[in-house]
Amino acid sequence: MTTLLFVHGTGVREPAYGVTFRRFAERIARIRPDAVVAECYWGELHGSRLHAGGVTIPAGTSSRGPDGPGGAEDEDVEVALWGVLERDPLFELRLAATDSQSADDDEELPPHALPAGQVLAAAALRLPANPAVAEAAAAAHLDDVLLDAIQSVVRSDEAGEALRHADALGGELRGALARAVVAESLLCADEELGGTAPVDGRRRDALVTAIVAGLGGSDRGVGGALGRFGANLALKLGVTRPVERRRVAITEASAPAAGDVMLYLARGGGIRDFIAEQVAAVESGPVVLVAHSLGGIAGLELLISQSLPQVELLVTVGSQAPYLYELNALPTLPYNTGLPGSVPRWVNVYDRRDLLSFTGEGVFPGRVEDRVVDNRAPFPRSHSAYFTADPFYAVLDEVLP
């Protein structure tokens with residue numbers, strides 16, 4: 001009689017493990033009624049925890065929230081706004097276009113006069129030649145990407161619509177346009193570096209100020225009423241809140257998931273020994289390890305490091321083991337050494353939408369069988385959706401002894 005040992009992944013604790021295990025057992029009973037499904041819950045004994053109650057986490061509070069008197073503090077508002085802009089540089093311009101739909105922009109212009117939006121767009125394209133702008137861009141190490149960023153922003157549909165209402169928006173639009181250009185410059189710099197460009201808030205703000213002046217006028221406060229409106233809207237929608245105010249709660253919530261990975265890579269023997277003990281506890285018959293995420297890494301490394309003849313099949317699910325091997329970061333198996341004979345048949349199940357799942361055939365040719373499934377769920381839910389998804393159980397039905 002085959003025993004399926006269900007090994008969980010990183011960050012899993014009760015009651016989550018028990019719920020998932022019961023669902024897994026119910027589905028296995030449909031395809032293999034004679035099989036035994038056994039628990040392998042290592043999280044309680046060998047998972048990570050904040051042993052000192054999180055005293056290492058810097059705590060911080062703010063005296064006013066976004067809904068309190070006077071709104072959020074200026075610094076919080078500014079950081080929140082940039083948190084949005086660095087993901088979506090056209091965020092404020094999109095708001096500007098929407099907010100000004102009711103404005104009356106049909107006033108007849110004097111002969112030969114250009115619309116304000118055209119004047120502003122032309123001024124934006126001349127910004128790299130402005131000495132103050134050039135100096136500020138060089139200080140922020142954004143001078144190489146500034147022109148491309150300006151052209152990208154000015155030619156966008158969002159900017160085009162906002163510029164149609166330049167008369168009504170005035171200085172608010174100049175501020176929004178400046179911030180969009182700087183945010184786009186940051187993204188361009190990140191792309192060139194292949195990482196995060198080291199630009200501090202002071203140099204970023206100096207470049208915004210120079211651009212606003214180069215566009216023809218100063219702006220108010222964090223960036224005028226539009227800037228403050230955009231930031232407060234983002235805060236209220238929960239798009240981003242100053243993370244440092246919530247750091248204790250965030251870190252405590254994420255500690256099991258991140259901590260389990262770090263603990264395993266530093267001292268993973270306890271988890272591997274626990275799995276080996278559960279295998280040894282099976283009195284007779286073959287064992288199949290069905291191991292999710294970090295559990296798949298531990299299961300594979302256990303079988304690399306010792307021979308367990310009872311284990312006839314390893315099924316890794318949403319696992320990072322092949323990726324760690326390619327990085328030469330799999331603790332028990334250096335890159336380019338190949339799998340030892342102690343590793344039995346290995347089926348690796350992945351979902352292209354699961355960004356924590358990887359394929360193994362490219363690094364372990366002939367030793368691992370990759371099976372793709374579609375959980376029809378976005379990441380990160382796709383990483384845990386296997387155990388309720390029909391395609392996953394169809395793979396198990398095919399590969400189980």
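Two strands count as paired here if DSSP finds at least two bridges between them. Keep that in mind for the sheet. And note that this is a predicted model.

So, the sheet. Six strands form it, and it is open. The order reads β2-β1-β3-β4-β5-β6. The pairing is parallel. Now the edges. β2, residues 36–40, stands at one edge, and β6, residues 369–372, at the other. Each has a single partner strand, so one side of each is left without a neighbour in the sheet. As for twist, neighbouring strands are turned by 20° against each other on average, direction ignored.

Let's look at one pair. β1 covers residues 3–7, and β3 covers residues 287–292. They run parallel, joined by five bridges. Which residue of β3 is the bridge partner of Phe 6? That is Val 290.

Next, the helices. α1, residues 16–31, packs on the sheet. It touches β1, β2 and β3. Its direction makes about 165° with that of β2. Then there is α15, residues 294–305. This helix lies across β1, β3, β4 and β5. Here β4 is 311–317 and β5 is 345–350. Against β3, α15 runs at about 140°.

Last stop, the surface. Leu 355, Leu 356 and Phe 379 make a nonpolar patch of about 270 Å². Where is Leu 355 placed? In the loop between β5 and β6. Is Leu 355 buried or exposed? The cut-off for exposed is over 50% relative accessible area. Leu 355 has 54%, so it counts as exposed.

That's the tour. Over to you.

Conventions
Residues are numbered from 1 along each chain as its sequence is written. This is a predicted model: local features need pLDDT of at least 70, side-chain atom pairs count only at pLDDT 80 or more; totals for chains, interfaces and linings use all residues. Side-chain values use heavy atoms; hydrogens and water are left out. Helices (H or I, at least four residues) and strands (E, at least two) are DSSP runs, numbered from the N terminus. Axes are lines fitted to C-alpha atoms, for helices over the stretch in contact, and angles run from 0 to 180 degrees between N-to-C directions. Contact means heavy atoms within 4.5 Å. Patches are made of residues with over 30% relative accessible area and no salt bridge: like charges are joined within 9 Å, nonpolar side chains (Val, Leu, Ile, Met, Phe, Trp, Tyr) within 5 Å. Accessible areas come from the Shrake-Rupley method with a 1.4 Å probe; for residues, only the protein chains shown count as cover. A salt bridge is a side-chain nitrogen of Lys or Arg within 4 Å of a carboxyl oxygen of Asp or Glu. Buried means under 20% relative accessible area, exposed over 50%, partly exposed in between (1.4 Å probe, protein chains only).
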